[in-house]
Amino acid sequence: MKVLAISGSLRRDSHNSALLRAAAELVPPPVELEIFDGLKAVEPYDEDDDIGGGPPGARRLRDAISSADAVLIATPEYNSSIPGQLKNAIDWASRPLRDNALWGKPVAVVGASTGMFGAVWAQAEVRKSAAASGARVIETDLPVGHAGEAFTEDSRAA
């Protein structure tokens, strides 16, 4: 089983990216967790550009999701919601409705934050957008609060 992991943070030292790297070390065989590294290259969604597979960054994202058996999204919380680049990626992956990369795909959402709540509001927003896209979303909060203390310097679970 192949799980595609997407961090909603573009920051090099992101707690959410560290969370996904820690998860990759913990998944048992035969599960393989592949971390998507192209979020920054996904172009802003514009329906005029959504021709064929879309532009290169969006096409790479759609192909990665399509080739996975499930998706794990780790999101930070920006202004009580999700980062714009992550929402943009979900918008690309969600089109066209009923024939998109997320349609019927199992999706789980986690979140890490330096505060005590682990980005639960952002997790709810991601779950809502993914479900509206036709994904089969696990409707559970999976927060990692106080993320600065949850990982070692080499991004391992503390």
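Student: Which residues is Ile6 in contact with, leaving aside its neighbours within four places in sequence?

Tutor: Keep in mind that this is a predicted model. Ile6 touches Leu20, Phe36, Leu61, Ile65, Val71, Leu72, Ile73, Ala74 and Leu86, once neighbours within four places are set aside.

Student: What general idea helps me read that list?

Tutor: In soluble globular proteins, nonpolar side chains tend to be buried together. Here the largest nonpolar core holds 28 residues. Ile6, Leu61, Ile65 and Val107 touch the most other members.

Student: Which elements give two or more residues to this core?

Tutor: Strands S1 (2-7), S3 (70-74) and S4 (106-112) do, along with helices H2 (56-66), H3 (84-93) and H4 (120-132). H3 gives the largest share, five residues. Another core lies apart from this one. That other core has 15 residues, including Val3, Ala108, Val110 and Phe151.

Student: Now the helices. Which residues of H2 are buried?

Tutor: Gly57, Ala58, Leu61, Arg62, Ala64 and Ile65. Their arc around the axis is only 160°, so they sit on the same side of H2. These buried residues pack against S1, strand S2 (32-36), S3 and H3.

Student: How many of the 10 residues of H3 are buried?

Tutor: Seven, so H3 is mostly covered, with burial meaning under 20% relative accessible area. The seven are Leu86, Asn88, Ala89, Ile90, Asp91, Trp92 and Ala93. Their packing partners are S1, H2, S3 and H4.

Student: Loops next. Where does Pro83 lie, and is Pro83 buried or exposed?

Tutor: Pro83 is in the loop between S3 and H3. Its relative accessibility is 3%, so Pro83 counts as buried. Beyond its neighbours within four places, Pro83 is in contact with Gly8, Thr75, Pro76 and Tyr78. Check Val126 as well: Pro83 and Val126 are 43 residues apart along the chain, yet their C-alpha atoms are separated by 9.8 Å.

Student: And Ser133: which loop holds Ser133?

Tutor: The loop between H4 and strand S5 (136-137). Ser133 has 4% relative accessibility and therefore counts as buried.

Student: What does the side chain of Ser133 reach?

Tutor: The backbone oxygen of Ser129, at 2.8 Å. Set aside the neighbours within four places, and Ser133 is in contact with Ile90, Ser94, Leu97, Asn100, Leu102 and Trp103. Ile90 also appears among the buried residues of H3.

Student: Step back to the whole chain. What pattern does the protein follow along the sequence?

Tutor: β-α-β-α-β-α-β-α-β-β-α. That order is built from five helices and six strands.

Student: What radius of gyration would a compact globule of 158 residues have?

Tutor: Near 15 Å. The protein has 15 Å, so the value agrees with a compact globule. Its C-alpha atoms fill a box of roughly 45 × 40 × 30 Å along the principal axes.

Student: What share of the contacts joins residues at least 24 apart?

Tutor: Take contacts between residues at least 6 apart in sequence: 73% of these join residues at least 24 apart.

Student: Last, burial and surface. What share of the 158 residues counts as buried, and how much area does the protein expose?

Tutor: Buried residues make up 46% of the 158. The exposed area is about 8,200 Å², with 53% supplied by carbon and sulfur atoms.

Key. Residues numbered from 1 in each chain as written. Predicted model: local features only at pLDDT ≥ 70, side-chain atom pairs only at ≥ 80, totals over all residues. Heavy atoms only, no water. Core = buried A, V, L, I, M, F, W, Y, C linked by side-chain atoms within 4.5 Å. Buried < 20%, exposed > 50% of the residue type's maximum accessible area, 1.4 Å probe, protein only. Helix = DSSP H or I, 4+ residues; strand = E, 2+ residues; numbered from the N terminus. Contact = heavy atoms within 4.5 Å. Polar contact = N/O pair within 3.5 Å; in protein donor to acceptor, adjacent residues only side chain to side chain. Arc of directions from axis to C-beta. Rg over C-alpha atoms; globule rule 2.2 N^0.38 Å. Areas by Shrake-Rupley, 256 points an atom, 1.4 Å probe, with all protein chains shown as cover.
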